[in-house]
Each structure stands twice: as C-alpha cells, then as structure tokens.
Amino acid sequence: MKPLTNINEFLKRFDNFIDGEFRSIKIISPTVMLVTLAGQDSARSFDWISMKLEFNGISNARVIEDNKLSLLDMSDGISLISQNNTLAFGIGNCNSISSIKSSTCYIECLNIKYKENLF
C-alpha cells in the first residue's frame, strides 16, 4: 500500500468517487480499518477500478454493516479532509471535519494508505 500524500489530487483523479460503489469495511483492529470502494479512474480513461483504503491511528468512527453498504447513496461521492494533524473520511460532499461527523459513515485517523485493484 502507498501512503496517501495528496488528498486533492487523489479525489480529483477519482472524481470524489461520485456514483461509485462502497463495497466493504473490514475492522482489522481498534485503530485500523480497511475500506474498499469502486470508482472511475481519470488516469485510465475513466475505466472502473477497485480501491482499498487503509485507515491507521483511528480516533473516532461511525461505520455501518457490510450488508447495508449497498444502500448508501454515493451520488455525492466521498470527502477526505486534513485538518489539525487529523484526516477524516466521510460519505457525501463535506467541507469540514464537523460536517463529516454528520455523515452516515465516517472515519477519523492519523494516516491513510491506498492500493489500486482491478474492478
């Protein structure tokens, strides 16, 4: 897995995963989670790919069960925000960590790694 160093370029490349698929959430430990998403990659002529995001140093989270992930509305994609040495991930178009906390599903952590996979 590669460390996610430039959030804005990452989100732009995948168009914030708008209309993507939220595939799974795996809790590895109390401070590590693995999220799998699918979205279109502008670097690959908008082909669909699967993306694994590993969240490390989790301090706060609200997650839902895997069997309910298909019910999530991904029409607004995801948000990733870096603020005060904290990274936050949430569903929807959010512009602050406090707005991410009102999301259906969110994770606050210290760092994020990612791995691209086939669709």
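Let me start with one pair of residues. M51 stands opposite E116 in strand β9. Keep E116 in mind, please. A word of caution before going on: this is a predicted model.

Now, the strands around that pair. Strand β4 covers residues 47–56, and strand β9 covers residues 111–118. Eight bridges join the two, and they run antiparallel. As background, strands of a sheet pair through backbone hydrogen bonds, in either a parallel or an antiparallel way.

Let's widen the view. What is the order of the strands in the open sheet? It reads β1-β9-β4-β3-β2. That makes five strands, with antiparallel pairing. β1, at 2–3, and β2, at 21–29, stand at the edges. Each of these two has a single partner strand, so one side of each is left without a neighbour in the sheet.

Take the β2 edge. β2 pairs with β3, residues 32–41, in the antiparallel sense. Seven bridges hold that pairing. One example: S24 has T36 in β3 as its bridge partner. Between β2 and β3 sits a hairpin connection of two residues.

There is another hairpin to look at. Strand β6 spans residues 78–83, and strand β7 spans residues 86–91. They pair antiparallel over six bridges. S79 is matched with G90 in β7. Two residues lie between β6 and β7. N84, in the turn, has a positive phi of about 50 degrees. N85 also lies in the loop between β6 and β7. Its phi is positive too, about 60 degrees, although N85 is not a glycine. Is N85 buried or exposed? N85 counts as exposed, because its relative accessibility is 73%, and the cut-off for exposed is over 50%.

Compare that with F17. F17 is not a glycine either, and has a positive phi of about 60 degrees. F17 is placed in the loop between α1 and β2. But at 0% relative accessibility, F17 counts as buried.

Next, charges. How many salt bridges does a search of the whole structure find? Six. I'll go through some of them.

Back to E116. R13 forms a salt bridge with E116, and the closest N and O atoms are 3.1 Å apart. R13 lies in helix α1 and E116 in strand β9, so the pair ties together parts that are 103 residues apart in sequence. R13 itself is partly exposed, at 23% relative accessibility.

Then there is D41 with R44. Their closest N and O atoms are 3.8 Å apart. The two residues differ in cover: D41 counts as buried, at 0% relative accessibility, whereas R44 is partly exposed, at 37%.

Which residues are linked in a network of salt bridges? R13, D41, R44 and E116. So the E116 we started with, opposite M51, belongs to that network.

One more salt bridge: E108 with K101. Here the closest N and O atoms are 3.5 Å apart. E108 counts as buried, with 9% relative accessibility. K101 is partly exposed, with a relative accessible area of 35%.

Now the surface. D15, D19, D73 and D76 form a negative patch there. Where is D15 placed? In the loop between α1, at 7–13, and β2. That is also the loop where F17 is found. D15, though, is partly exposed, at 46% relative accessibility, whereas F17 is buried.

Last stop, β9 again. K115 is found in this strand. K115 is partly exposed, at 43% relative accessibility. How far apart are K115 and S98 in sequence, and in space? They are 17 residues apart in sequence, and 27 Å apart in space, C-alpha to C-alpha.

To recap. The open sheet has five strands, with β1 and β9 at the start of its order and β3 and β2 at the other end. β6 and β7 form a hairpin. The network of R13, D41, R44 and E116 is built from salt bridges. And a negative patch of D15, D19, D73 and D76 lies on the surface. Thanks, I'll stop there.

Technical notes
Residues numbered from 1 in each chain as written. Predicted model: local features only at pLDDT ≥ 70, side-chain atom pairs only at ≥ 80, totals over all residues. Heavy atoms only, no water. Pairing = 2+ DSSP bridges. Helix = DSSP H or I, 4+ residues; strand = E, 2+ residues; numbered from the N terminus. Patch = residues over 30% accessible without salt bridge, like charges linked within 9 Å, V, L, I, M, F, W, Y side chains within 5 Å. Areas by Shrake-Rupley, 256 points an atom, 1.4 Å probe, with all protein chains shown as cover. Salt bridge = Lys/Arg side-chain N within 4 Å of Asp/Glu carboxyl O. Lys, Arg positive; Asp, Glu negative; His and termini not counted. Charge placed at Lys NZ, Arg CZ, Asp CG, Glu CD. Buried < 20%, exposed > 50% of the residue type's maximum accessible area, 1.4 Å probe, protein only.
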